[in-house]
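Student: I've got a new chain to look at, and I'd like to talk it through with you. Can we start with one residue and then work outwards?

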Amino acid sequence: MSKSSSALGRLRGIFQKSSSRPTATTATTTTTKTKAILNTKRPKTSNPTTTDSPTIKSGTVEKMVRRFKKSSESSSFRSRHDIYSNTVKRLIKYNRLSKIHEILDHQKNFPDITNEAFTASLICLYGKAGMFDHARKLFDEMPELKCPRTVYSFNALFSACVDAGRFDEIKTFISDLRCELGITFNTVSYNIAIKAFCKMDDLESAQKVADGEKIWSRMVGMSIVPDIRSYNAKLNGLALEKRMKEAVEAAEEMKGKGLKLDVYSFNALIRGYINGEDLEEAKQWYVKMRQHNCVPDIVTFELLIPFLCEKGDVGFAVEICEEIFERKWQVRSKVLQFVVDRLVLEAKIQDAEKLVQAGKKHKHELIIP
């Protein structure tokens, strides 16, 4: 996206995700032996464009499609978006994009196609399958299908564009198409825009943080109230810039507006202080997270535990590990291995062995290097 893009097109600076510090997923352990033990295979992500999709008999797919189309004749069936979503996911898994189009295009035969919510859901499903051209075609056909087009279906198409990775068309949605249809952005629109710019964090950008702040002011000026997702994106942007005073002020503003900080809010603040090499503040925000009865997630541990070990605060890391075991929270074994390695480095072999045994009870393969 060029510097000449509209202000909204330069939103990314304030809202993009931070990835400046390697986490446990990228860091290496202290020995080759440890790497071998901790190197577990991850399931492949479904991708319609790959050639290694799981195989399935053609007749099985045909039967599933026929049954789906037949069931679609029932109005109660057409109200089950979960069934539509699950069917599309299965067809994506087996790389049957033509069948996805067959079942979704078949829905034009039913009166629900004049319902904007129903048609918008079909547009979203096309986006999930990476079939943006079909999503756009359906959106363009809505007037002749006697289906209204408002910000609701516009947001569905915008979301499909992002889900399909068509970032080169973001500017069109934000400017040309929106103006052509006379659509005013709402909170959902801005959240989709934020999601888009966060997903574009691997692309070269010349955007300025100030531009993002202008858009934030525009949202408020238009009486569009930022929600928890908008604030969390802003917190991530401020954390990236290491502007933690403003990030804390934003968190206080959230609470003042009745928005409860969630795990993503706390993770953003912890990430920001880690980026700034501020051990004590990173620890304090973890403590505040627990005081607010907010349950940490895998990201929390992958941010904080390696940082604690790096800075030599293995005692606090051990306390977190003990709570992980006690509450049966999810965490990757390689994160816990950081603590074992640090304990060994500090010649605390007995403590390291104790952690290894505790980990074994919870199905974590840890070793003494």
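Student: Okay, is K70 buried, partly exposed or exposed?

Tutor: Keep in mind that this is a predicted model. The relative accessible area of K70 is 55%. Exposed means over 50%, so with its 55% K70 counts as exposed.

Student: Which residue does K70 form a salt bridge with?

Tutor: Look for a carboxyl oxygen within 4 Å of the side-chain nitrogen of a Lys or Arg. For K70, the closest N and O atoms of the pair are 3.4 Å apart. The partner has a relative accessible area of 48%, so it is partly exposed. That partner is E73.

Student: And what about K257, which residue does its side chain meet in a salt bridge?

Tutor: K257 is partly exposed, at 46% relative accessibility. Its partner is partly exposed too, at 33%. The N to O distance for the pair is 3.5 Å, and the partner's name is E253.

Student: How far apart are the closest N and O atoms of R342 and E346?

Tutor: Take the two residues in turn. R342 has a relative accessible area of 22%, so it is partly exposed, and E346 is partly exposed as well, at 27%. They form a salt bridge, and the closest N and O atoms are apart by 3.0 Å.

Student: Which residues are linked with E62 and K69 in a network of salt bridges?

Tutor: Here we're looking at a network. Besides E62 and K69, its members are K99 and E102.

Student: How many salt bridges does the count come to?

Tutor: We've met a few of them, including K70 with E73 and R342 with E346. By the 4 Å rule, the count comes to 24.

Student: Now D227: is it buried or exposed?

Tutor: D227 sits in the loop between α12 (209–221) and α13 (228–240). Leaving aside neighbours within four places in sequence, D227 is in contact with T187, N191 and L259. Its relative accessible area is 18%. The cut-off for buried is under 20%, so at 18% D227 is buried.

Student: Zooming out, what percentage of the residues in the chain is buried?

Tutor: D227 is one of the buried residues. The chain has 369 residues, and it holds 20 helices and 0 strands. Of those residues, the buried share is 48%.

Student: And what share of the contacts with a separation of 6 or more comes from residues 24 or more positions apart?

Tutor: Think of contacts between residues that are separated along the chain. Among those with a separation of 6 or more, residues 24 or more positions apart account for 70%.

Note on methods. Residues numbered from 1 in each chain as written. Predicted model: local features only at pLDDT ≥ 70, side-chain atom pairs only at ≥ 80, totals over all residues. Heavy atoms only, no water. Helix = DSSP H or I, 4+ residues; strand = E, 2+ residues; numbered from the N terminus. Buried < 20%, exposed > 50% of the residue type's maximum accessible area, 1.4 Å probe, protein only. Contact = heavy atoms within 4.5 Å.
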